[in-house]
Amino acid sequence: MISLPFPPASLSGHAKGNWHKKAAVTKQHRQWAHLATKLWLRENPRDFGSGDIRVLIQFTPPDNRSDRSNFPIRAKSYLDGVADALGVNDRRFVPSFEFLPAKQPGAVRISLEAAQ
């Protein structure tokens with residue numbers, strides 16, 4: 001399982017503000033996911049073939065103030081980083097989501113499996 005920090009509200013689809021700042025945050029989270037996926041692959045070599053890839057994304061928010069419907073949008077940069085690390089187009093991903101109880105400091109965990 002790939003573990004990453006819980007993405008900030010600035011990555012939600014309706015975040016307002018300086019687009020340069022959002023671009024920098026997006027880039028950083030994409031890089032974190034890329035590196036975490038590469039490390040995970042080193043310990044868990046996998047062949048995902050050429051078909052769909054099932055992606056389970058577990059969200060553990062740091063508190064109960066956020067809207068769960070925005071969590072998948074916040075995680076988009078993570079999925080892009082995972083796709084980069086796998087060398088695949090993220091359109092192969094078939095995502096599913098789990099929303100776990102809030103717990104500090106918050107986390108996102110991603111599981112990958114080749115679809116049959």
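The following dialogue reads the fold and the salt bridges of a predicted model.

Q: What order do the elements of the protein chain run in from the N terminus on?
A: Helices (H or I, at least four residues) and strands (E, at least two) are DSSP runs, numbered from the N terminus; here the protein chain has three helices and four strands, in the order β-α-β-α-α-β-β. Residues are numbered from 1 along each chain as its sequence is written. Since the model is predicted, local features need pLDDT of at least 70 and side-chain atom pairs pLDDT 80 or more, while totals for chains, interfaces and linings use all residues, and side-chain values use heavy atoms, without hydrogens and water.

Q: How many salt bridges does the structure hold?
A: A salt bridge is a side-chain nitrogen of Lys or Arg within 4 Å of a carboxyl oxygen of Asp or Glu, and the structure holds six. One of them joins Glu113 and Arg54, whose closest N and O atoms are 2.7 Å apart; this pair links distant parts of the chain, with Glu113 in strand β4 (residues 107-114) and Arg54 in strand β2 (residues 53-60), 59 residues apart.

Q: Is Asp80, the salt-bridge partner of Lys76, buried or exposed?
A: Buried means under 20% relative accessible area, exposed over 50%, and partly exposed in between (1.4 Å probe, protein chains only). Asp80 is buried at 15%, whereas Lys76, at 39%, is partly exposed. Because Lys76 and Asp80 lie four residues apart in helix α3 (residues 76-86), about one helical turn separates them. Salt bridges with shared partners join Arg30, Lys76, Asp80, Asp84 and Asp90 into one network.
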